[in-house]
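Subject: Structure for your review

Dear colleague,

Please find the structure below, together with a summary of what was found in it. I would be grateful if you read the summary with the structure open beside it.

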Amino acid sequence: MKHPRTKLPAASLLALLTCGFATPSQAETCAVRVVFTKGGFIVGVGGGHGVMICRGRSYRFAVSGMSVGFTIGASTTQLNGRALNVRSPGDIQGSYAAIGASGALAAGAGGVQLQNQNGVILQLSGAKVGVELSAAVAGVTVTLE
């Protein structure tokens, strides 16, 4: 008959191997909301604020940007979406680049996917209000507040 004490170390080792060395996912997907106002003629300049929500905590950030190309008018865009590959809240900070076209006459909609140097990908879409036409190369900078 085997002694019950010999089973305890084996069970402890099995628990350690299955639980103790398991690592949580290194990157998360977080919810993001941004309000961005833009205006310009040839060169567009804009800014706004947003919030990223990860694991029930809110992280406020500022957004500033500039576009060069064909831009005329002004608009405000309310974007909702997600931030992918977030390892820590500070990863959302950085410079994002995009090439694209958008437009609004009183109201419109659009979407964008951007990536920064930290590997964070912002997938955003939402409503645009104002009068604006744009076909430009744009850069956006995000900083935590």
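In what order do the elements of the protein run from the N terminus on? The order is α-β-β-β-β, which comes to 1 helix and 4 strands. Please note that this is a predicted model.

**Overall figures**

The protein has 145 residues, and 31% of them count as buried. Its accessible surface comes to about 8,800 Å², with 64% belonging to carbon and sulfur atoms. If one takes the contacts between residues at least 6 apart in sequence, 70% of them join residues at least 24 apart.

**The nonpolar core**

The largest nonpolar core contains 21 residues. Val32, Val34, Met52, Phe61, Tyr96 and Leu122 have the most contacts inside it. Two or more residues of this core come from each of β1 (28-54), β2 (57-86), β3 (94-115) and β4 (121-144). Val32 may serve as an example: beyond its neighbours within four places in sequence, its contacts include Met52, Phe61, Leu79, Leu122 and Leu124.

**A buried lysine**

Lys38 is part of strand β1. Is this residue buried or exposed? Lys38 counts as buried because its relative accessibility is 16%, and the limit for buried is under 20%. Leaving aside neighbours within four places in sequence, Lys38 is in contact with ten residues' worth of surroundings that include Ser67, Thr71, Glu132 and Ser134.

**The disulfide**

A search of the whole structure finds 1 disulfide. The bond joins Cys30 to Cys54, with an S to S distance of 1.8 Å. Both cysteines, Cys30 and Cys54, are buried. The torsion about their S-S bond is about 115°, and the disulfide is therefore right-handed.

**Salt bridges**

Side chains of opposite charge can pair when their charged atoms come close. How many salt bridges are counted here? The count comes to 2.

One of them is formed by the side chains of Glu28 and Arg55, at 3.1 Å from N to O. Glu28 belongs to strand β1 and Arg55 to the loop between β1 and β2, 27 residues apart. Glu28 is partly exposed, at a relative accessible area of 25%, whereas Arg55 is exposed, at 69%.

In the other, the side chains of Glu145 and Arg60 meet at 4.0 Å, N to O. Because Glu145 lies in the segment after β4 and Arg60 in strand β2, this pair ties together parts 85 residues apart in sequence. Glu145 and Arg60 are both exposed.

Yours sincerely

Definitions and conventions. Residues numbered from 1 in each chain as written. Predicted model: local features only at pLDDT ≥ 70, side-chain atom pairs only at ≥ 80, totals over all residues. Heavy atoms only, no water. Core = buried A, V, L, I, M, F, W, Y, C linked by side-chain atoms within 4.5 Å. Buried < 20%, exposed > 50% of the residue type's maximum accessible area, 1.4 Å probe, protein only. Contact = heavy atoms within 4.5 Å. Areas by Shrake-Rupley, 256 points an atom, 1.4 Å probe, with all protein chains shown as cover. Disulfide = S-S within 2.5 Å.
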